[in-house]
Amino acid sequence: MSKEIVLVGYSGHSFVIADILLAAKLSIAGYCENEIKSKNPFALKYLESENVFFSFKENSTTYDAFVCIGDSFIRQRIFKNLINIGVNIINAIHPRSVVGNHVTFGKGIMVAGNATINPGCYIGDGVICNTSCSIDHECIIGDFSHIAPGAVLCGNVTIGKNCFIGANATIIPGKKINDRITVGAGSVVTSDLIEPGIYVGSPAKLIKKNLRN
């Protein structure tokens, strides 16, 4: 029998996660936040902050968790803290997504409705594969990256860690995007992107360097 799931974070992104889990017929125990949220569309129970809730060892073994934080660096920090204290972090995969054969998943991955992940892909820890994105064969997506709605990764694309691929962006086959790179919405990547920063346009060009470590 599946354990009940605790949502860590409860705002817009977590509402999508909650919807995915319920569509997959999984049970949600409640949410962890620093304070009670006034907006609670799923009528979930407030469970205190994750630091308080999972400080009780029995909670770490009784419940699974999913980190519902959009910012990749915050998501990564909370994810690692929970893993370090023995909390099991699950994947949230919508039943209306398409996942091919020989796809390898890490932990804490979101795959939204109508997303497609084709055979031979590797999806790292904490990756968001958002609504209707298309990830073709043998792509590699690094930990805590976000593939936004409608983005298209053609075959053999490599995405680094803590990247954001904007809505309806296209990465042509075989291209590599290094860590901490943002590709703007609707942009087309026709060459490898090496330097951390923000890239926009068709073809995508660097417009701002990323100084965040």
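**Exercise 1. Cysteines**

To how many disulfides does the count come in this structure? Consider Cys129 and Cys133, and explain the result.

*Solution.* The structure is a predicted model.
Step 1. A disulfide requires two cysteine sulfur atoms within 2.5 Å.
Step 2. For Cys129, the closest cysteine sulfur belongs to Cys133 and lies 5.0 Å away, so the separation is too far for a bond. Starting from Cys133, the closest cysteine sulfur is that of Cys129, again at 5.0 Å.
Step 3. The count therefore comes to 0 disulfides by this rule.
Step 4. The burial of both residues may be added. Cys129 counts as buried because its relative accessibility is 0%, and Cys133 counts as buried because its value is 1%.

**Exercise 2. An open sheet**

State the order of the 5 strands that form an open sheet, and identify the edge strands.

*Solution.* Step 1. The order is E6-E9-E12-E15-E18, and the pairing is parallel.
Step 2. An edge strand of this sheet pairs on one side only; these are strand E6 (104-105) and strand E18 (176-177).
Step 3. At the E6 edge, 2 bridges connect E6 with strand E9 (residues 122-123), and the two run parallel. Within E9, Tyr122 is the bridge partner of Thr104.
Step 4. The general principle is that strands of a sheet pair through backbone hydrogen bonds, either parallel or antiparallel.

**Exercise 3. The two faces of strand E3**

Are the residues on the two faces of strand E3 (residues 64-67) buried or exposed?

*Solution.* Step 1. In a regular strand, side chains alternate between the two faces of the sheet.
Step 2. In strand E3, Asp64 and Phe66 are on one side, while Ala65 and Val67 are on the other.
Step 3. These residues are all buried, and both faces of E3 are thus covered.
Step 4. E3 is also joined to strand E1 (residues 5-8) by 4 bridges, with the two strands running parallel. Val67 in E3 is the bridge partner of Val8.

**Exercise 4. A hairpin and its turn**

Describe the pairing of E21 with E22 and the setting of Gly201.

*Solution.* Step 1. E21 and E22 run antiparallel and are joined by 4 bridges. In this pairing, Gly197 stands opposite Lys209 of E22.
Step 2. The two strands form a hairpin with 4 residues between them. Gly201, in the turn, has a positive phi of about 105°.
Step 3. Gly201 is partly exposed, because its relative accessible area of 30% falls between the limits of 20% and 50%.
Step 4. Not counting residues up to four places away in sequence, Gly201 touches Ser187 and Val188.
Step 5. The number of buried residues among the 5 of E22 is 0, so E22 lies largely in the open.

**Exercise 5. The largest pocket**

Which residues are closest to the centre of the largest pocket, and which elements each supply at least two residues of its lining?

*Solution.* Step 1. The largest pocket contains about 200 Å³ of space. It is lined by 17 residues, of which Phe73, Asn162, Phe164, Thr182 and Asn210 are the closest to its centre.
Step 2. At least two lining residues each come from helix H4 (72-84), strand E19 (181-183), strand E21 (197-200) and strand E22 (205-209).
Step 3. Sorted by class, the lining comprises 6 nonpolar, 7 polar and 4 charged residues.

**Exercise 6. A buried asparagine**

Is Asn59 buried or exposed, and which residues is Asn59 in contact with beyond its neighbours within four places in sequence?

*Solution.* Step 1. Asn59 belongs to helix H3 (residues 57-62).
Step 2. Its relative accessible area is 13%, which is under 20%, so Asn59 is buried.
Step 3. With neighbours within four places in sequence left aside, Asn59 is in contact with Phe53 and Phe54.

Definitions and conventions:
Residues are numbered from 1 along each chain as its sequence is written. This is a predicted model: local features need pLDDT of at least 70, side-chain atom pairs count only at pLDDT 80 or more; totals for chains, interfaces and linings use all residues. Side-chain values use heavy atoms; hydrogens and water are left out. Two strands pair if DSSP finds at least two bridges between them. Buried means under 20% relative accessible area, exposed over 50%, partly exposed in between (1.4 Å probe, protein chains only). On a 1 Å grid over the protein atoms alone, a cavity is a set of points where a 1.4 Å probe fits but cannot get out, and a pocket is an open set with protein on both sides within 12 Å along at least five of seven lines; lining residues have an atom within 4 Å of a point. Grid points are joined across faces, edges and corners, and a volume is the space filled by probe spheres set on the points. Ala, Val, Leu, Ile, Met, Phe, Trp, Tyr, Cys and Pro count as nonpolar, Asp, Glu, Lys and Arg as charged, and the others, Gly among them, as polar. Contact means heavy atoms within 4.5 Å.
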